[in-house]
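Subject: Structure handover and notes

Hello,

Here is the structure I said I would pass on. My notes follow it, grouped by region.

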Amino acid sequence: MSHSRYNRSSLVRKEPSTDTLTPPVPLFDADGHRIYWLGVCEASAFRCNTYLVRSGATGVLVDPGGRNHFTAVRAAVEKIMPVEALTGMVLCHQDPDVAASMIDWLAVNPALTVFTTPRTHVLLPSYGHRDYRLHDVEATPEFTLPSGRSLRFIAAPFLHFPGAFTTFDESSGFLFSGDVWAALDFDWRLFVDDFDEHVPRMDLFHLEYMPTNLAARGFVKRIEHLPIRAILPQHGGILREQDVPRALDYLRELRCGLDIIYADLQ
Ligand SMILES: [Fe+2]
Ligand SMILES: [Fe+2]
């Protein structure tokens, strides 16, 4: 991967997104196990995705998002199920675009379980809520939903936080990847149609936010055996099954962060 593909200029383009979707958008449905895209729609290259795993009468938010989007995400949930019926939220790291709304969700339902790593858990009280039910995804890397379906939590060390992790939904084969495979662009689509066109958008994020090739390659080794049918990042479009092999190659070959800043030391 050459550094020359890195083009910051696309961050300031003002073309609107071509996808004008109204969340929630159903992405998967099998025997009452459903996955939805909950938004958000925003004219920002740093647009965020929030997802919902609904299993039977319960629901788990994935990457619930910032406080600025809480009202919109809540409205999307309410089209699917009562917000009081939510049972948990997956916080793949503590960045505000992922986790700041946790205090709003806990105000709605103080019994919500927070699925996260110990390193993230140390920092989450900075948002103002210290007492919540914790599921430590390192100590217990599998969670069985009331329907019997399972979520598997897979560490993604240093991508881009030391305690970052991803979530694999066993039933759908969907990998909720957080900032891994995140992409930045105003010209956003819910699904990636052209992987080659998508690569520069991923470069905009990964070359600056991801630390080094070793972290990316190490993560691929952890997940390459999984039957991944889609990759659902926190920013940018969803990668479909046919693009998964190339997405894995993208990380294997990625030169990023310190590889670039300290290239002369290698
Ligand atoms: Fe982040
Ligand atoms: Fe993010």
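Which residue takes a positive phi in the hairpin of β10 and β11? It is G173, with a phi near 80°, in a hairpin that has 4 residues between the strands. Please keep in mind throughout that this is a predicted model.

The strands around that hairpin

Strand β10 covers residues 165-169. Of its 5 residues, 5 are buried, so β10 is largely enclosed by the rest of the structure. In a regular strand the side chains alternate between the two faces of the sheet. For β10, F165, T167 and D169 lie on one side, T166 and F168 lie on the other, and all of them are buried, which leaves both faces covered.

β10 pairs with two strands that I looked at. With β9 (residues 150-155) the pairing is antiparallel and runs over 5 bridges; in it, A155 has F165 of β10 as its bridge partner. With β11 (residues 174-178) the pairing is again antiparallel, through 3 bridges, and here F168 stands opposite L175 of β11.

The loop between β10 and β11 holds E170. Is E170 buried or partly exposed? It has 16 C-beta neighbours inside 10 Å, so it counts as partly exposed; a buried residue would need 20 or more. Leaving out residues up to four places away in sequence, E170 touches R149, S150 and R152. As a distance for orientation, the C-alpha atoms of E170 and T116 are 18 Å apart, with their positions 54 residues apart along the chain.

The open sheet

Seven strands make an open sheet with mixed pairing, and their order is β1-β2-β3-β4-β5-β6-β7. The edges are β1 (25-30) and β7 (133-136). Each of these has a single partner strand, so one side of each is left without a neighbour in the sheet. From one strand to the next, the twist averages 20°.

Within this sheet I looked at β3 (residues 51-55). As many as 5 of its 5 residues are buried, so β3 is largely enclosed by the rest of the structure. Both of its faces are covered: Y51, V53 and S55 are buried on one side, and L52 and R54 are buried on the other.

β2 (residues 33-37) pairs with β3 in the antiparallel sense over 5 bridges, and W37 stands opposite Y51 there. β4 (residues 58-62) also pairs with β3 in the antiparallel sense over 5 bridges. In that pairing, Y51 stands opposite V62, while S55 has T58 as its bridge partner. The hairpin of β3 and β4 has 2 residues between the strands, and G56 in it takes a positive phi near 60°.

The nonpolar core

Y51 also appears in the largest nonpolar core, which has 70 residues. Which members touch the most others? They are Y51, M89, V90, L91 and I231. The largest share of this core, 5 residues, comes from helix α7 (residues 244-253). Not counting residues up to four places away in sequence, the contacts of Y51 are I35, Y36, W37, L38, V62, D63, F176 and L232.

Helix α7 and its surroundings

V244, A247, L248, Y250 and L251 are the buried residues of α7. They span an arc of only 150° around the axis, which puts them on the same side of the helix. An α-helix has 3.6 residues a turn, so residues three or four places apart point the same way. The face of α7 turned away from the buried side carries the exposed residues P245, D249 and E253.

What do the buried residues of α7 pack against? Their neighbours are α5 (195-209), α6, β12 (230-233) and β13 (239-240). For α6 (residues 213-223), the axis comes within 7 Å of the axis of α7, and the two cross at roughly 145°. On the α6 side the contact involves A216, R217, F219 and V220, and these meet L248, L251 and R252 of α7. The residues of this contact divide into 5 nonpolar, no polar and 2 charged.

Regards

Key. Residues are numbered from 1 along each chain as its sequence is written. Chains are lettered from A and ligands numbered from 1 in the order in which they are written. A nonpolar core is a set of buried Ala, Val, Leu, Ile, Met, Phe, Trp, Tyr and Cys residues joined through C-beta atoms within 7 Å. A residue is buried if 20 or more other C-beta atoms lie within 10 Å of its own, exposed if 12 or fewer, and partly exposed in between; C-beta atoms are placed from the backbone. Two residues are in contact if their C-beta atoms, placed from the backbone, lie within 7 Å. Axes are lines fitted to C-alpha atoms, for helices over the stretch in contact, and angles run from 0 to 180 degrees between N-to-C directions. Ala, Val, Leu, Ile, Met, Phe, Trp, Tyr, Cys and Pro count as nonpolar, Asp, Glu, Lys and Arg as charged, and the others, Gly among them, as polar. Two strands pair if DSSP finds at least two bridges between them. The arc is that of the directions from the helix axis to the C-beta atoms.
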